[in-house]
Amino acid sequence: MKKIIYTITALFSLSLASSCKKYIDINNNPNAPTAVDASTLLPPILAGMARGNWYDSRYIGQYAQIWGAPTANNVWDQEGYVPGSDSGGEMWRTVYFSLGQNVNLMEQDAIAKNKYDYIGVCWALRAWGWQNGSDEYDYMVVKEAYDPTKLTFKYDAPEYVYAEVVKDCQKALDYLNLAVKTDGLTVGPELAKGDYMYYGDRAKWKKFVYAILAQNMLHISNKATFKPDMVKKYADSSFVSNADNASVQCTGSQSGDANFWGPTRANLPSFRQSDFMVKLLDGRILAGAATQDITADPRLPLLLAASKDGAYRGVVAPLGDPSSADANLAVGVMAGATTANSGTAAAKYIFNDNSRGVLMTYSEVQFFVAEALFKKGDPDGAYTAYKNGVLGALDFVSNPPLASSLTGTQMYISQAAIDAYMTGPSVRQTAAQLQLSDILQQKFISLFVWGAPEAWSDMRRYDYSTQYFQGYVKPTTIYADNAGKQVYLLRPRYNSEYIWNVPALKLIGALEPDYHTKKPWFVLP
């Protein structure tokens, strides 16, 4: 990892959140400001978190078969990668650049001025970064990450990174609790100045930390050290509704502060929804229907695009859209219910320019619990969490977050439609009927677009099994360097690691052509 001065570049990247202007006095040395207010640093850091999730999701979404390319034999649909490219390296950049020294500077200001909530947020951001980074790349640089005397860095084992997540979460909770104890306020006025995720609400930041802890424990579900009761314990202190979801405000005034999935950025039209996703929503998987039923799930018209003949189709990797030349049968352009597809005046779901950048949700956490308790052998507890997860996911699609609101009020799905779905064949009606595939596949739907990394983590934990992901089809053509194996890792960022840190890469085997097929630590027994 090349030694870089991180701070100013990240600060001058456009914040997704802030339409107000905050400046840093850099008259002495523009490359090394000696004092930066924490409220100035937090907005671009949060913007960087959303960016890291968005950019890598383009490729991870193809690995997980959420979407695919419209043309055949796309390298990502073949579970390959592009050598000599930073594609798939954005989360690495997020951890070491967007967060990186900026978090350290934010903490320095917070410590000097006894801003305990900002210190807690610093540790929460680090925990989120290590969790997401390790899930994508396995090995990360933790111990030497910010050592200014080094030009090359040693990678730490993924089990060390996972342990660091837990440690950092505990520090975050300690400082957030101290902030409340010190002034008795739930909303910190200083924190609110720079916080475009929770607007200074310390209780919501604590819930976010507990959500990270629940995710950290769930992801080691294949190991003997997995503790399902801890997933439940963490989740019980986490999100209680979509009003607690972790998301970053997007102003949507121009491309630099617009939602990645909105019309201005125009990223989604490069992809086509997967056949797997279509079948999850049209009743052929969850309801066991023999033919497509476009009324099976009220989310279908909000999430997916219909072909011109009114049917819903998707691509199967890596075949692209075989009907692309037929205007009537071609898979619809991925953009939700936009003017391009249905003639409505505005996009729905999270497809608007000012839709928030979503990081974690209530329904996701409930599905953590459902899976953990199912594996424990507690069907009643698993079923309760499963129903909570489905209801939360329906509510999220019906009332997606916009601008400064953590939840919307659009009511795209009527209560009658929600009730009909919950009592219909796509949802299990008793704990005895519930299968692990029901939990994982309803969770897969709930993660649509924004949650590709978590969806891919689930698929890898279960080795892409069609027992649990019943519409998944292994690509008919696998990238040549994979030697027939499926993808399990993203490679570290090319322009830092493969240019500046080659000896360390060699030690972990990352120079091997099939390194991306190596199973990460968290999925192993």
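Author: Let's begin with a definition: a residue is buried if its relative accessible area is under 20%, exposed if over 50%, and partly exposed in between (1.4 Å probe, protein chains only). The structure is a predicted model, in which local features need pLDDT of at least 70 and side-chain atom pairs count only at pLDDT 80 or more, while totals for chains, interfaces and linings use all residues. Residues are numbered from 1 along each chain as its sequence is written, and side-chain values use heavy atoms, with hydrogens and water left out.

Reader: Why is Q65 called buried?

Author: Its relative accessible area is 7%. That is under the 20% limit, so Q65 counts as buried.

Reader: Where is Q65, and what is special about its phi?

Author: Q65 lies in the loop between α2 and β1 (67–68). These labels follow DSSP runs numbered from the N terminus: helices are H or I with at least four residues, strands are E with at least two. Phi of Q65 is positive, about 55°, although Q65 is not a glycine. Most residues other than glycine have a negative phi, which is why such a value is worth pointing out.

Reader: What makes A403 partly exposed rather than buried or exposed?

Author: A403 has a relative accessible area of 25%. This lies between 20% and 50%, so "partly exposed" is the right term for A403. A403 is in the loop between α12 (379–398) and α13 (415–422), and its phi, near 50°, is positive too.

Reader: Which peptide bond is cis, and what is its omega?

Author: The bond that joins A317 and P318 is cis, with omega about -5°. P318 sits in the loop between α10 (300–303) and β4.

Reader: What makes a group of residues a nonpolar core, and which members of the largest one touch the most others?

Author: The members must be buried Ala, Val, Leu, Ile, Met, Phe, Trp, Tyr or Cys residues, joined through side-chain atoms within 4.5 Å. The largest core here has 152 residues, and M106, L125, W205, F208, Y349 and F448 touch the most other members. Helix α2 (residues 38–63) gives the largest share, 12 residues. In soluble globular proteins, nonpolar side chains tend to be buried together.

Reader: How do you know that W205 is buried?

Author: Its relative accessibility is 0%. Since 0% is under 20%, W205 is buried. W205 belongs to helix α7 (residues 202–218).

Reader: What does W205 touch beyond its sequence neighbours?

Author: Contact means heavy atoms within 4.5 Å. Leaving out residues up to four places away in sequence, W205 touches L46, V121, A124, L125, L176, L191, D195, M197 and Y198. F448, with neighbours within four places set aside, is in contact with I66, M277, L303, L304, M334, Y349 and F351.

Reader: Why is the pair of W205 and D195 called a polar contact?

Author: A polar contact is a pair of N or O atoms within 3.5 Å; within protein, one must be able to donate a hydrogen and the other to accept it, and residues adjacent in sequence count only if both atoms are side-chain atoms. The side chains of W205 and D195 make such a contact at 2.7 Å, so the distance is within the limit.

Reader: How far is the side chain of S446 from the backbone oxygen of K443?

Author: A polar atom of the S446 side chain lies 2.6 Å from that oxygen of K443. S446 is in helix α14 (residues 436–446), and K443 is found in α14 as well. At 5%, S446 is under 20% and therefore buried; K443, at 0%, is buried too. Not counting residues up to four places away, S446 touches Y349, S363, F367 and A393, whereas the list for K443 includes L218, F367 and E454.

Reader: What makes a space a cavity, and how many are there of 30 Å³ or more?

Author: On a 1 Å grid over the protein atoms alone, a cavity is a set of points where a 1.4 Å probe fits but cannot get out, and lining residues have an atom within 4 Å of a point. The structure holds 4 cavities of 30 Å³ or more. The largest has a volume of about 160 Å³. Of its 17 lining residues, N53, N132, Q215, P453 and E454 are closest to its centre.

Reader: Which residues line the second largest cavity?

Author: They are V95, L99, G100, V103, R126, W130 and Y146, around about 50 Å³ of space. Helix α3 (90–112) and α4 each give two or more residues to this lining, and α3 gives the most, 4 residues.

Methods
1 Å grid on protein atoms, 1.4 Å probe; cavity = no way out; pocket = protein on both sides within 12 Å on 5 of 7 lines; lining within 4 Å. Points joined across faces, edges and corners; volume = space filled by probe spheres on them.
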